[in-house]
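Work through the two exercises below with the sequence and the 3D view at hand. Each task is followed by a stepwise solution.

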Amino acid sequence: MPEQAEGGRSPAGVDVEVLVIGAGVTGLYQLYRAREDGFSTVLLEAGEGVGGTWYWNRYPEARFDSESYTYAYVFSKEMFCEWEWSEQFASQPEIERYFQRFVEHFDLASLIRFGTKVTSVEWDTRTSTWTVTAADGRTWVARYVVAATGMLSYPYIPEVEGREDFCGESHHTGLWPAEGVDVTGKRVAVVGTGSSGVQVIPPIAAEAAELVVYQRTPNWCTPLNNAPITPEEQEALRNDFEQIQRTLNTSATGFLCPPPERLSSEDTPEERQAFYESMWNSPGFAKLLANYKDLLSDPEVNREWCDFIAAKIRGIVRDPETAERLIPKDHRYGEKRPPFVTGYFEVFNEPHVSLVSLADTPMVRITETGIETTDGHREFDVIVWATGFDYGTGQLRRLGVRGVDGVALEDRWADGPLTYLGVQTHGFPNFFFPGGPHGASANVPRYNTDQVDYVADLLAAMREQGYDVVDVPEELEQTFTGMIDQMSRHIPFTKISYFFGSNIPGKPVRNLLNPGGRPMLFKFIEDLRAEGYASLQLSRSAEVATR
Ligand code: NA7
(Lines give C-alpha, C1' and ligand atoms only; values in the text may rest on other atoms or scores of the structure.)
Protein backbone atom coordinates (compact mmCIF):
# COMPACT_ATOMS: atom_id res chain seq x y z
CA MET A 1 0.00 0.00 0.00
CA PRO A 2 1.54 3.33 -0.98
CA GLU A 3 1.63 5.82 1.82
CA GLN A 4 1.01 9.53 1.57
CA ALA A 5 3.84 11.23 3.39
CA GLU A 6 3.34 14.18 5.63
CA GLY A 7 5.43 17.31 5.70
CA GLY A 8 4.40 18.85 2.39
CA ARG A 9 2.27 17.98 -0.64
CA SER A 10 3.52 15.49 -3.19
CA PRO A 11 3.19 16.29 -6.89
CA ALA A 12 1.05 13.96 -9.00
CA GLY A 13 2.70 10.63 -9.74
CA VAL A 14 4.70 10.27 -6.57
CA ASP A 15 3.78 9.28 -3.02
CA VAL A 16 6.62 11.25 -1.57
CA GLU A 17 9.25 13.64 -2.87
CA VAL A 18 12.16 12.87 -0.57
CA LEU A 19 12.31 9.35 0.80
CA VAL A 20 15.05 8.82 3.38
CA ILE A 21 16.35 5.40 4.42
CA GLY A 22 17.89 5.09 7.88
CA ALA A 23 17.21 6.91 11.16
CA GLY A 24 20.81 7.54 12.17
CA VAL A 25 22.56 10.86 12.63
CA THR A 26 22.58 11.48 8.85
CA GLY A 27 19.09 10.30 7.93
CA LEU A 28 17.35 12.18 10.74
CA TYR A 29 18.99 15.43 9.70
CA GLN A 30 18.07 14.80 6.03
CA LEU A 31 14.46 14.22 7.10
CA TYR A 32 14.49 17.46 9.07
CA ARG A 33 15.98 19.41 6.15
CA ALA A 34 13.50 17.94 3.62
CA ARG A 35 10.54 18.83 5.84
CA GLU A 36 11.92 22.33 6.56
CA ASP A 37 12.47 22.91 2.83
CA GLY A 38 8.83 22.10 2.14
CA PHE A 39 9.22 18.71 0.46
CA SER A 40 6.90 15.86 1.28
CA THR A 41 9.07 13.34 3.03
CA VAL A 42 9.16 10.04 4.88
CA LEU A 43 11.92 8.06 6.58
CA LEU A 44 12.05 4.26 6.52
CA GLU A 45 13.97 2.53 9.29
CA ALA A 46 14.57 -1.22 9.73
CA GLY A 47 14.88 -0.95 13.51
CA GLU A 48 12.21 -0.10 16.05
CA GLY A 49 13.87 3.11 17.18
CA VAL A 50 16.10 5.99 16.13
CA GLY A 51 19.87 6.33 16.46
CA GLY A 52 21.27 4.15 13.64
CA THR A 53 24.70 3.02 14.85
CA TRP A 54 23.61 4.08 18.34
CA TYR A 55 20.47 1.99 18.11
CA TRP A 56 22.18 -1.24 17.03
CA ASN A 57 25.49 -1.01 18.94
CA ARG A 58 24.05 -1.29 22.44
CA TYR A 59 26.73 -3.52 23.93
CA PRO A 60 27.93 -2.51 27.42
CA GLU A 61 30.24 0.52 27.36
CA ALA A 62 29.47 1.39 23.73
CA ARG A 63 30.23 5.09 23.74
CA PHE A 64 31.43 8.06 21.70
CA ASP A 65 35.10 8.69 21.32
CA SER A 66 34.40 12.11 19.84
CA GLU A 67 33.41 14.64 22.52
CA SER A 68 29.64 14.38 22.97
CA TYR A 69 28.90 18.00 22.04
CA THR A 70 31.04 17.76 18.89
CA TYR A 71 29.09 14.71 17.73
CA ALA A 72 25.67 16.28 18.38
CA TYR A 73 23.85 18.46 15.86
CA VAL A 74 25.02 22.06 15.92
CA PHE A 75 22.56 23.71 13.54
CA SER A 76 20.10 24.56 16.29
CA LYS A 77 21.18 26.68 19.23
CA GLU A 78 17.97 25.83 21.04
CA MET A 79 18.58 22.07 20.86
CA PHE A 80 22.29 22.46 21.64
CA CYS A 81 21.55 24.50 24.74
CA GLU A 82 18.61 22.40 25.86
CA TRP A 83 20.46 19.09 25.86
CA GLU A 84 22.96 18.48 28.65
CA TRP A 85 25.39 15.63 27.99
CA SER A 86 26.38 14.06 31.29
CA GLU A 87 29.85 12.97 30.13
CA GLN A 88 32.57 14.20 27.79
CA PHE A 89 32.14 10.90 25.93
CA ALA A 90 28.55 9.78 26.33
CA SER A 91 27.48 6.15 26.44
CA GLN A 92 24.96 4.47 24.14
CA PRO A 93 21.79 4.81 26.28
CA GLU A 94 22.29 8.56 26.59
CA ILE A 95 23.10 8.90 22.89
CA GLU A 96 19.95 6.99 21.95
CA ARG A 97 17.92 9.29 24.23
CA TYR A 98 19.47 12.31 22.49
CA PHE A 99 18.24 11.15 19.08
CA GLN A 100 14.81 10.41 20.54
CA ARG A 101 14.70 13.93 21.96
CA PHE A 102 15.80 15.36 18.61
CA VAL A 103 12.82 13.68 16.91
CA GLU A 104 10.51 14.98 19.63
CA HIS A 105 11.97 18.49 19.62
CA PHE A 106 11.54 18.87 15.87
CA ASP A 107 8.29 16.92 15.73
CA LEU A 108 9.51 14.34 13.23
CA ALA A 109 7.93 11.17 14.67
CA SER A 110 4.95 11.12 12.31
CA LEU A 111 7.33 10.98 9.33
CA ILE A 112 9.21 7.87 10.47
CA ARG A 113 8.17 4.29 9.67
CA PHE A 114 9.93 1.86 12.00
CA GLY A 115 10.28 -1.88 11.36
CA THR A 116 10.55 -1.10 7.65
CA LYS A 117 13.44 -2.92 6.04
CA VAL A 118 14.01 -1.73 2.49
CA THR A 119 14.64 -4.61 0.09
CA SER A 120 14.63 -2.85 -3.29
CA VAL A 121 15.01 0.63 -4.76
CA GLU A 122 14.21 0.66 -8.48
CA TRP A 123 14.43 3.50 -10.98
CA ASP A 124 11.75 3.98 -13.62
CA THR A 125 13.17 6.06 -16.46
CA ARG A 126 9.72 6.65 -17.97
CA THR A 127 8.38 8.45 -14.91
CA SER A 128 11.71 9.49 -13.35
CA THR A 129 10.72 7.97 -10.05
CA TRP A 130 12.09 5.43 -7.62
CA THR A 131 9.93 2.59 -6.36
CA VAL A 132 11.04 1.62 -2.90
CA THR A 133 9.85 -1.71 -1.54
CA ALA A 134 10.00 -2.96 2.03
CA ALA A 135 10.37 -6.56 3.21
CA ASP A 136 6.65 -6.71 4.08
CA GLY A 137 5.66 -5.70 0.55
CA ARG A 138 4.77 -2.04 1.15
CA THR A 139 5.93 0.27 -1.63
CA TRP A 140 6.53 3.99 -2.03
CA VAL A 141 6.99 5.90 -5.28
CA ALA A 142 9.50 8.64 -4.62
CA ARG A 143 11.12 11.41 -6.64
CA TYR A 144 14.34 11.42 -4.62
CA VAL A 145 15.84 8.70 -2.47
CA VAL A 146 18.44 9.43 0.19
CA ALA A 147 20.03 6.21 1.45
CA ALA A 148 21.51 7.27 4.79
CA THR A 149 22.30 3.67 5.60
CA GLY A 150 25.56 4.31 7.45
CA MET A 151 29.17 3.30 7.01
CA LEU A 152 29.50 0.91 9.92
CA SER A 153 26.09 -0.70 9.68
CA TYR A 154 26.52 -4.07 7.98
CA PRO A 155 28.04 -6.33 10.66
CA TYR A 156 30.76 -8.74 9.61
CA ILE A 157 31.15 -12.17 11.19
CA PRO A 158 33.95 -14.28 9.70
CA GLU A 159 33.04 -17.53 8.02
CA VAL A 160 34.73 -19.78 10.53
CA GLU A 161 34.00 -23.47 10.07
CA GLY A 162 31.28 -24.71 12.42
CA ARG A 163 30.11 -21.24 13.45
CA GLU A 164 26.46 -22.25 13.23
CA ASP A 165 27.06 -25.34 15.35
CA PHE A 166 27.74 -23.41 18.56
CA CYS A 167 24.98 -24.21 21.05
CA GLY A 168 25.64 -21.33 23.45
CA GLU A 169 24.70 -17.69 22.89
CA SER A 170 26.56 -15.76 20.24
CA HIS A 171 26.24 -12.04 19.49
CA HIS A 172 27.84 -9.48 17.23
CA THR A 173 28.55 -6.18 18.98
CA GLY A 174 26.71 -4.34 16.20
CA LEU A 175 23.52 -6.38 16.70
CA TRP A 176 23.41 -6.45 20.48
CA PRO A 177 20.02 -7.55 21.89
CA ALA A 178 17.94 -4.73 23.38
CA GLU A 179 17.29 -6.80 26.50
CA GLY A 180 21.06 -7.13 27.07
CA VAL A 181 23.16 -10.24 27.53
CA ASP A 182 23.63 -11.62 31.01
CA VAL A 183 27.22 -12.88 31.28
CA THR A 184 27.25 -13.15 35.07
CA GLY A 185 29.23 -16.17 36.11
CA LYS A 186 29.57 -17.37 32.50
CA ARG A 187 32.48 -18.42 30.33
CA VAL A 188 32.78 -15.80 27.60
CA ALA A 189 34.92 -15.45 24.47
CA VAL A 190 35.38 -12.09 22.73
CA VAL A 191 36.74 -12.30 19.19
CA GLY A 192 38.20 -9.03 17.87
CA THR A 193 40.05 -6.14 19.48
CA GLY A 194 39.04 -3.10 17.40
CA SER A 195 37.19 -0.12 18.92
CA SER A 196 34.13 -2.23 19.81
CA GLY A 197 36.08 -5.16 21.25
CA VAL A 198 38.25 -3.03 23.51
CA GLN A 199 35.15 -1.19 24.78
CA VAL A 200 33.13 -4.31 25.57
CA ILE A 201 35.96 -6.37 27.12
CA PRO A 202 36.25 -4.55 30.51
CA PRO A 203 32.51 -4.66 31.36
CA ILE A 204 32.34 -8.33 30.36
CA ALA A 205 35.43 -9.06 32.48
CA ALA A 206 33.66 -7.47 35.44
CA GLU A 207 30.74 -9.94 35.24
CA ALA A 208 32.01 -13.14 33.65
CA ALA A 209 33.49 -16.13 35.46
CA GLU A 210 36.03 -16.51 32.67
CA LEU A 211 36.90 -14.31 29.70
CA VAL A 212 39.14 -15.29 26.82
CA VAL A 213 40.03 -12.55 24.34
CA TYR A 214 40.83 -13.79 20.83
CA GLN A 215 43.03 -11.17 19.23
CA ARG A 216 44.23 -11.31 15.63
CA THR A 217 46.09 -7.98 15.61
CA PRO A 218 46.62 -5.55 18.50
CA ASN A 219 45.84 -1.87 18.04
CA TRP A 220 47.49 1.26 19.43
CA CYS A 221 44.98 1.77 22.26
CA THR A 222 45.32 4.79 24.53
CA PRO A 223 43.06 6.03 27.36
CA LEU A 224 39.81 7.74 26.45
CA ASN A 225 40.08 9.85 29.63
CA ASN A 226 36.35 10.32 29.95
CA ALA A 227 34.93 12.60 32.65
CA PRO A 228 31.58 14.00 33.75
CA ILE A 229 30.71 17.42 32.34
CA THR A 230 30.52 19.75 35.32
CA PRO A 231 27.76 22.39 35.71
CA GLU A 232 30.38 25.08 34.99
CA GLU A 233 31.39 23.32 31.77
CA GLN A 234 27.71 22.98 30.77
CA GLU A 235 27.34 26.71 31.26
CA ALA A 236 30.48 27.41 29.22
CA LEU A 237 29.21 25.17 26.39
CA ARG A 238 25.97 27.16 26.25
CA ASN A 239 27.76 30.50 26.43
CA ASP A 240 30.26 29.53 23.74
CA PHE A 241 27.70 28.04 21.35
CA GLU A 242 28.38 30.43 18.46
CA GLN A 243 32.11 29.86 18.57
CA ILE A 244 31.73 26.10 18.96
CA GLN A 245 29.32 26.04 16.02
CA ARG A 246 31.71 28.08 13.87
CA THR A 247 34.66 25.81 14.65
CA LEU A 248 32.75 22.58 14.14
CA ASN A 249 31.23 23.83 10.89
CA THR A 250 34.51 24.96 9.39
CA SER A 251 37.45 23.01 10.82
CA ALA A 252 39.13 20.38 8.65
CA THR A 253 38.61 17.68 11.24
CA GLY A 254 35.17 18.60 12.59
CA PHE A 255 36.61 18.55 16.11
CA LEU A 256 37.21 21.48 18.45
CA CYS A 257 40.87 20.53 18.87
CA PRO A 258 43.07 23.15 17.13
CA PRO A 259 45.53 21.71 14.58
CA PRO A 260 48.99 20.95 16.02
CA GLU A 261 51.65 23.61 15.62
CA ARG A 262 54.70 22.14 17.23
CA LEU A 263 57.34 20.00 15.54
CA SER A 264 58.95 17.29 17.65
CA SER A 265 62.39 18.74 16.84
CA GLU A 266 61.48 21.90 18.76
CA ASP A 267 61.60 19.89 22.01
CA THR A 268 64.42 18.09 23.82
CA PRO A 269 64.07 14.32 24.37
CA GLU A 270 62.98 15.00 27.97
CA GLU A 271 60.42 17.57 26.87
CA ARG A 272 59.10 15.11 24.30
CA GLN A 273 58.54 12.45 26.97
CA ALA A 274 56.68 15.02 29.11
CA PHE A 275 54.62 15.99 26.05
CA TYR A 276 53.74 12.34 25.32
CA GLU A 277 52.68 11.98 28.95
CA SER A 278 50.33 14.96 28.49
CA MET A 279 49.02 13.32 25.29
CA TRP A 280 48.44 10.03 27.12
CA ASN A 281 46.36 11.98 29.65
CA SER A 282 44.48 14.01 27.02
CA PRO A 283 40.89 13.23 26.02
CA GLY A 284 40.06 10.98 23.04
CA PHE A 285 41.32 11.98 19.61
CA ALA A 286 43.56 14.77 20.96
CA LYS A 287 46.29 12.13 20.87
CA LEU A 288 46.05 12.12 17.10
CA LEU A 289 44.89 15.68 16.44
CA ALA A 290 46.96 17.66 18.96
CA ASN A 291 50.13 15.58 18.90
CA TYR A 292 53.34 16.73 17.18
CA LYS A 293 52.77 18.18 13.74
CA ASP A 294 55.16 15.61 12.24
CA LEU A 295 53.68 12.60 14.05
CA LEU A 296 52.22 11.10 10.88
CA SER A 297 54.87 12.32 8.43
CA ASP A 298 58.09 11.45 10.28
CA PRO A 299 58.48 7.71 11.02
CA GLU A 300 60.98 8.45 13.79
CA VAL A 301 58.55 10.66 15.68
CA ASN A 302 55.81 8.09 15.22
CA ARG A 303 58.17 5.37 16.47
CA GLU A 304 58.98 7.43 19.59
CA TRP A 305 55.26 7.90 20.39
CA CYS A 306 54.62 4.18 19.79
CA ASP A 307 57.55 3.29 22.07
CA PHE A 308 56.00 5.53 24.71
CA ILE A 309 52.65 3.70 24.42
CA ALA A 310 54.39 0.31 24.43
CA ALA A 311 56.20 1.25 27.67
CA LYS A 312 52.83 2.22 29.18
CA ILE A 313 51.37 -1.17 28.20
CA ARG A 314 54.36 -2.98 29.73
CA GLY A 315 53.88 -0.88 32.87
CA ILE A 316 50.19 -1.83 33.19
CA VAL A 317 50.12 -5.49 32.13
CA ARG A 318 52.02 -7.61 34.66
CA ASP A 319 52.58 -10.72 32.54
CA PRO A 320 55.38 -9.75 30.09
CA GLU A 321 54.27 -12.20 27.40
CA THR A 322 50.71 -10.89 27.45
CA ALA A 323 52.01 -7.31 27.39
CA GLU A 324 54.14 -8.06 24.30
CA ARG A 325 51.16 -9.61 22.53
CA LEU A 326 49.12 -6.45 23.20
CA ILE A 327 51.73 -4.21 21.53
CA PRO A 328 51.20 -3.71 17.77
CA LYS A 329 54.11 -4.73 15.55
CA ASP A 330 52.53 -4.43 12.10
CA HIS A 331 51.55 -0.75 11.93
CA ARG A 332 52.44 2.68 13.19
CA TYR A 333 50.18 5.00 15.15
CA GLY A 334 47.47 6.48 12.93
CA GLU A 335 47.81 3.92 10.14
CA LYS A 336 44.63 2.33 11.45
CA ARG A 337 41.83 4.06 13.30
CA PRO A 338 43.11 4.16 16.91
CA PRO A 339 40.72 2.86 19.57
CA PHE A 340 40.35 4.58 22.93
CA VAL A 341 40.02 2.59 26.12
CA THR A 342 38.96 2.68 29.74
CA GLY A 343 40.55 0.04 31.95
CA TYR A 344 41.29 -2.22 28.96
CA PHE A 345 44.90 -3.23 29.55
CA GLU A 346 44.20 -3.58 33.27
CA VAL A 347 41.76 -6.49 32.79
CA PHE A 348 44.59 -8.72 31.59
CA ASN A 349 45.92 -8.68 35.17
CA GLU A 350 42.73 -10.40 36.37
CA PRO A 351 43.17 -14.12 37.01
CA HIS A 352 40.01 -15.04 35.07
CA VAL A 353 41.00 -13.11 31.90
CA SER A 354 43.38 -14.45 29.26
CA LEU A 355 44.54 -13.46 25.80
CA VAL A 356 44.86 -15.78 22.82
CA SER A 357 46.89 -14.46 19.92
CA LEU A 358 45.32 -15.78 16.73
CA ALA A 359 48.45 -14.70 14.89
CA ASP A 360 50.35 -17.39 16.86
CA THR A 361 47.59 -19.97 17.20
CA PRO A 362 44.96 -19.42 14.48
CA MET A 363 41.31 -20.33 14.93
CA VAL A 364 40.52 -23.72 13.44
CA ARG A 365 36.79 -24.07 13.99
CA ILE A 366 33.84 -23.32 16.22
CA THR A 367 32.34 -26.38 17.86
CA GLU A 368 29.03 -26.99 19.62
CA THR A 369 30.68 -26.05 22.91
CA GLY A 370 33.42 -23.59 22.13
CA ILE A 371 36.38 -22.46 20.04
CA GLU A 372 39.23 -24.56 18.73
CA THR A 373 42.59 -23.01 17.81
CA THR A 374 45.80 -24.75 16.80
CA ASP A 375 46.58 -24.64 20.52
CA GLY A 376 43.51 -26.62 21.60
CA HIS A 377 39.82 -26.30 22.43
CA ARG A 378 38.11 -24.09 25.03
CA GLU A 379 34.48 -24.22 26.11
CA PHE A 380 32.24 -21.17 26.34
CA ASP A 381 28.68 -20.20 27.22
CA VAL A 382 28.78 -16.98 25.16
CA ILE A 383 30.80 -15.92 22.10
CA VAL A 384 30.94 -12.20 21.33
CA TRP A 385 31.91 -11.35 17.77
CA ALA A 386 33.53 -7.89 17.84
CA THR A 387 34.70 -8.45 14.29
CA GLY A 388 33.65 -5.19 12.69
CA PHE A 389 31.67 -4.17 9.65
CA ASP A 390 31.55 -4.20 5.86
CA TYR A 391 32.53 -0.56 5.89
CA GLY A 392 31.20 2.14 3.58
CA THR A 393 29.41 0.05 0.98
CA GLY A 394 28.10 -2.89 3.05
CA GLN A 395 24.47 -1.80 3.26
CA LEU A 396 24.28 0.07 -0.04
CA ARG A 397 25.40 -2.97 -2.03
CA ARG A 398 22.64 -5.03 -0.41
CA LEU A 399 19.78 -2.57 -0.73
CA GLY A 400 18.61 -3.87 -4.12
CA VAL A 401 19.32 -0.56 -5.89
CA ARG A 402 18.65 -0.71 -9.64
CA GLY A 403 19.38 2.38 -11.68
CA VAL A 404 18.97 3.34 -15.35
CA ASP A 405 18.55 0.23 -17.56
CA GLY A 406 18.18 -1.87 -14.42
CA VAL A 407 21.90 -1.67 -13.61
CA ALA A 408 22.57 -3.00 -10.11
CA LEU A 409 24.53 -0.68 -7.84
CA GLU A 410 26.59 -3.60 -6.55
CA ASP A 411 27.58 -4.48 -10.14
CA ARG A 412 28.53 -0.93 -11.00
CA TRP A 413 30.70 -0.88 -7.88
CA ALA A 414 32.11 -4.38 -8.39
CA ASP A 415 35.68 -3.00 -8.45
CA GLY A 416 35.04 -0.43 -5.74
CA PRO A 417 32.69 2.56 -5.37
CA LEU A 418 32.53 5.28 -8.01
CA THR A 419 31.12 8.49 -6.61
CA TYR A 420 30.91 12.21 -6.95
CA LEU A 421 31.39 13.95 -3.59
CA GLY A 422 30.57 10.65 -1.90
CA VAL A 423 26.88 11.37 -2.45
CA GLN A 424 25.93 10.33 -5.99
CA THR A 425 26.94 7.80 -8.63
CA HIS A 426 26.38 8.00 -12.40
CA GLY A 427 23.33 6.20 -13.81
CA PHE A 428 21.39 6.43 -10.57
CA PRO A 429 19.59 9.77 -10.93
CA ASN A 430 18.03 11.33 -7.83
CA PHE A 431 19.72 8.71 -5.62
CA PHE A 432 21.93 10.11 -2.84
CA PHE A 433 23.98 8.40 -0.16
CA PRO A 434 25.44 10.94 2.30
CA GLY A 435 27.59 9.17 4.86
CA GLY A 436 28.45 6.51 2.28
CA PRO A 437 31.73 5.64 0.54
CA HIS A 438 34.26 8.42 -0.13
CA GLY A 439 32.96 10.04 3.02
CA ALA A 440 34.06 11.28 6.35
CA SER A 441 37.74 11.49 7.10
CA ALA A 442 36.66 13.74 9.94
CA ASN A 443 34.30 13.69 12.90
CA VAL A 444 31.55 11.65 11.22
CA PRO A 445 28.40 13.70 11.97
CA ARG A 446 30.09 16.91 10.88
CA TYR A 447 31.09 15.53 7.48
CA ASN A 448 27.80 13.70 6.95
CA THR A 449 25.67 16.70 7.78
CA ASP A 450 27.80 18.77 5.36
CA GLN A 451 26.79 16.24 2.71
CA VAL A 452 23.14 16.38 3.79
CA ASP A 453 23.20 20.17 3.52
CA TYR A 454 24.65 19.81 0.02
CA VAL A 455 21.87 17.41 -1.06
CA ALA A 456 19.15 19.54 0.54
CA ASP A 457 20.47 22.77 -1.01
CA LEU A 458 20.76 21.07 -4.40
CA LEU A 459 17.15 19.86 -4.30
CA ALA A 460 15.91 23.30 -3.29
CA ALA A 461 17.96 24.97 -6.04
CA MET A 462 16.66 22.50 -8.63
CA ARG A 463 13.09 23.20 -7.59
CA GLU A 464 13.74 26.90 -8.03
CA GLN A 465 15.15 26.32 -11.52
CA GLY A 466 12.27 24.00 -12.47
CA TYR A 467 14.31 20.78 -12.48
CA ASP A 468 13.54 17.59 -10.65
CA VAL A 469 16.02 15.06 -12.03
CA VAL A 470 19.76 15.12 -11.37
CA ASP A 471 22.44 12.69 -12.45
CA VAL A 472 26.22 12.97 -12.24
CA PRO A 473 28.09 13.02 -15.55
CA GLU A 474 30.46 10.04 -15.74
CA GLU A 475 33.48 12.33 -16.29
CA LEU A 476 32.83 14.19 -13.02
CA GLU A 477 32.55 10.94 -11.16
CA GLN A 478 35.74 9.61 -12.75
CA THR A 479 37.62 12.78 -11.86
CA PHE A 480 36.45 12.70 -8.26
CA THR A 481 37.06 8.97 -7.75
CA GLY A 482 40.45 9.32 -9.51
CA MET A 483 41.40 12.10 -7.09
CA ILE A 484 40.47 9.89 -4.14
CA ASP A 485 42.64 7.06 -5.46
CA GLN A 486 45.54 9.44 -6.19
CA MET A 487 45.45 11.07 -2.77
CA SER A 488 45.14 7.69 -1.07
CA ARG A 489 48.81 7.08 -1.80
CA HIS A 490 49.78 9.92 0.52
CA ILE A 491 47.69 9.33 3.62
CA PRO A 492 48.55 7.78 6.98
CA PHE A 493 45.77 5.17 6.86
CA THR A 494 47.12 2.12 5.11
CA LYS A 495 45.52 -0.71 3.20
CA ILE A 496 45.36 -2.86 6.33
CA SER A 497 42.74 -0.45 7.69
CA TYR A 498 39.07 -1.31 7.28
CA PHE A 499 38.80 2.10 5.62
CA PHE A 500 40.11 0.24 2.53
CA GLY A 501 37.69 -2.65 2.93
CA SER A 502 40.57 -5.08 3.40
CA ASN A 503 38.90 -6.64 6.47
CA ILE A 504 36.26 -8.27 4.23
CA PRO A 505 37.51 -11.29 2.26
CA GLY A 506 37.09 -10.72 -1.48
CA LYS A 507 36.17 -7.04 -1.19
CA PRO A 508 38.11 -4.78 -3.60
CA VAL A 509 40.79 -2.90 -1.67
CA ARG A 510 39.99 0.74 -2.43
CA ASN A 511 40.01 3.76 -0.18
CA LEU A 512 36.47 4.27 1.11
CA LEU A 513 37.26 7.64 2.68
CA ASN A 514 37.80 11.00 1.07
CA PRO A 515 41.44 11.78 1.97
CA GLY A 516 40.86 15.42 1.01
CA GLY A 517 38.34 15.57 3.84
CA ARG A 518 36.16 18.56 4.56
CA PRO A 519 38.37 21.18 2.85
CA MET A 520 38.02 19.29 -0.44
CA LEU A 521 34.29 18.70 0.04
CA PHE A 522 33.72 22.39 0.86
CA LYS A 523 35.65 23.49 -2.23
CA PHE A 524 33.65 21.26 -4.58
CA ILE A 525 30.35 22.32 -3.05
CA GLU A 526 31.27 26.00 -3.18
CA ASP A 527 32.17 25.72 -6.88
CA LEU A 528 28.95 23.86 -7.69
CA ARG A 529 26.86 26.44 -5.86
CA ALA A 530 28.63 29.29 -7.63
CA GLU A 531 27.87 27.84 -11.07
CA GLY A 532 24.26 26.99 -10.17
CA TYR A 533 25.02 23.24 -10.32
CA ALA A 534 25.46 23.52 -14.11
CA SER A 535 28.09 20.73 -14.19
CA LEU A 536 25.50 18.21 -13.09
CA GLN A 537 22.99 16.67 -15.52
CA LEU A 538 19.81 18.48 -14.60
CA SER A 539 16.51 17.74 -16.34
CA ARG A 540 12.75 17.78 -15.90
CA SER A 541 10.76 14.63 -15.25
CA ALA A 542 8.08 15.64 -17.76
CA GLU A 543 10.71 15.87 -20.52
CA VAL A 544 12.09 12.49 -19.61
CA ALA A 545 8.61 10.97 -19.55
CA THR A 546 7.76 12.15 -23.08
CA ARG A 547 11.08 11.16 -24.65
P1 NA7 B 1 37.07 -3.13 13.64
O2 NA7 B 1 37.81 -1.94 14.05
O3 NA7 B 1 37.03 -3.49 12.19
O4 NA7 B 1 37.67 -4.36 14.46
C5 NA7 B 1 37.34 -5.68 14.14
C6 NA7 B 1 38.20 -6.62 14.95
O7 NA7 B 1 37.86 -7.95 14.60
C8 NA7 B 1 39.70 -6.47 14.67
O9 NA7 B 1 40.41 -6.69 15.85
C10 NA7 B 1 39.95 -7.59 13.67
O11 NA7 B 1 41.28 -8.03 13.64
C12 NA7 B 1 39.04 -8.65 14.22
N13 NA7 B 1 38.72 -9.64 13.20
C14 NA7 B 1 38.19 -9.44 11.98
N15 NA7 B 1 38.08 -10.60 11.32
C16 NA7 B 1 38.56 -11.56 12.14
C17 NA7 B 1 38.74 -12.95 12.03
N18 NA7 B 1 38.39 -13.60 10.92
N19 NA7 B 1 39.26 -13.62 13.08
C20 NA7 B 1 39.62 -12.95 14.18
N21 NA7 B 1 39.50 -11.62 14.36
C22 NA7 B 1 38.98 -10.94 13.34
O23 NA7 B 1 35.55 -3.07 14.11
P24 NA7 B 1 34.95 -2.44 15.44
O25 NA7 B 1 33.53 -2.82 15.50
O26 NA7 B 1 35.80 -2.76 16.60
O27 NA7 B 1 35.07 -0.90 15.22
C28 NA7 B 1 34.49 -0.31 14.07
C29 NA7 B 1 34.33 1.15 14.26
O30 NA7 B 1 33.23 1.34 15.14
C31 NA7 B 1 35.41 1.88 14.93
O32 NA7 B 1 36.47 2.25 14.15
C33 NA7 B 1 34.69 3.09 15.45
O34 NA7 B 1 34.48 4.04 14.42
C35 NA7 B 1 33.42 2.54 15.89
P36 NA7 B 1 42.33 -7.39 12.58
O37 NA7 B 1 42.73 -6.08 13.16
O38 NA7 B 1 41.58 -7.26 11.27
O39 NA7 B 1 43.41 -8.37 12.49
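**Exercise 1: a helix pair**

In H1, Val 25, Thr 26, Tyr 29, Gln 30 and Arg 33 meet Pro 445, Asn 448, Thr 449, Val 452, Asp 453, Val 455, Ala 456 and Asp 457 of H14; contact means heavy atoms within 4.5 Å. The model is predicted, with pLDDT of at least 70 needed for local features and 80 or more for side-chain atom pairs, while totals for chains, interfaces and linings use all residues. Residues are numbered from 1 along each chain as its sequence is written, and side-chain values use heavy atoms, without hydrogens and water.

Task: At what angle do helix H1 and helix H14 pack?

Solution.
1. Helices (H or I, at least four residues) and strands (E, at least two) are DSSP runs numbered from the N terminus.
2. H1 covers residues 25–36 and H14 residues 444–465; they pack at about 30°, with axes 9 Å apart. Axes are lines fitted to C-alpha atoms, for helices over the stretch in contact, and angles run from 0 to 180 degrees between N-to-C directions.
3. H1 is therefore roughly parallel to H14 (angles under 35 degrees).

**Exercise 2: a sheet**

Task: What is the strand order of the open sheet of 5 strands, and which strands stand at its edges?

Solution.
1. The order is E7-E16-E8-E9-E12, with parallel pairing; two strands pair if DSSP finds at least two bridges between them.
2. E7 (169–172) and E12 (353–357) stand at the edges; each has a single partner strand, so one side of each lacks a neighbour in the sheet.
3. Neighbouring strands are turned by 15° against each other on average, direction ignored.
4. Strand E8 (residues 187–191) and strand E16 (residues 382–385) run parallel, joined by 4 bridges.
5. Val 188 stands opposite Val 382 in E16.

Terms used: Parallel < 35°, antiparallel > 145°, perpendicular 65-115°, else oblique.
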